[in-house]
Amino acid sequence: MQRSVVIMLILKEKMKKQVQGFMLVATGFVVLMMLSCKTSQSSAEQQRNAQEIEQYLQNSSFEIEHRWMQPLRGNQISLIGNPNYIRMYSRDSLSIFLPYFGVRQFSGGYGSASGIEFTGKPKELQMTEDKRGNQIITFSGTQQTEAYDFKITIYPNKNVQTFVRSNQRDNISYDGRIQELDTTNE
């Protein structure tokens, strides 16, 4: 009799653990579903974002502020609270200030910027759309002795990835958001 009681207690404990495991998996599934529903954009919001992005590009007037920097030889670094921007005023006028953390291959010379700075007319400016509906902006520019190549990918949800190649520094990329250019603070 005692043996059957022990077996019953063991079986009861196993079932309790199985139910707890099932509840944990079910809770995880519900949380995952809630997050996936919350992060997906409605079709109306996607269409509105796409129209806004198209308007920015047609007017060649927008601002990008980055939240993250990914150096080639390091970990991701938060830029939240640190000034940084890419501002396009027209196809002939661009202003860029991006912090830089990485390896500089060549000395920039006296008075050279520690970050990536460019002001002026971009060279070889191209705006295209890829197969997925992302907007791609490429251009190059020089500031003092440093030459840059930029590739900006604008996603339909207004997120942006900026890739910068330099003749004097390691490559670096940035993640941020595009928005309407605010000319009141200039």
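Here's a quick tour of one helix, one strand and the strands beside it.

This is a predicted model, where local features need pLDDT of at least 70, side-chain atom pairs count only at pLDDT 80 or more, and totals for chains, interfaces and linings use all residues. Residues are numbered from 1 along each chain as its sequence is written, and side-chain values use heavy atoms, with hydrogens and water left out.

Let's start with helix H2, residues 43-59 (helices are DSSP runs of H or I with at least four residues, strands are E runs of at least two, both numbered from the N terminus). Its buried residues are Asn-49, Ile-53, Tyr-56 and Leu-57 (buried means under 20% relative accessible area, exposed over 50%, partly exposed in between, with a 1.4 Å probe and protein chains only). They cover an arc of only 90 degrees around the axis, which puts them on the same side of H2 (the arc is that of the directions from the helix axis to the C-beta atoms). Over on the other side, Ser-43 and Gln-58 are exposed. Just past the helix, Ser-60 has a positive phi of about 50 degrees.

Now for strand E1 (62-71), one of the strands that the buried residues of H2 pack against (contact means heavy atoms within 4.5 Å). Seven of the 10 residues of E1 are buried, so it is largely enclosed by the rest of the structure. Here are its antiparallel partners (two strands pair if DSSP finds at least two bridges between them):

| Partner of E1 | Bridges |
|---|---|
| E3 (residues 85-90) | three bridges |
| E10 | eight bridges |
| E2 (residues 77-78) | two bridges |

Across these pairings, Phe-62 stands opposite Met-88 in E3, Gln-70 has Ser-173 in E10 as its bridge partner, and Trp-68 faces Ser-78 in E2.
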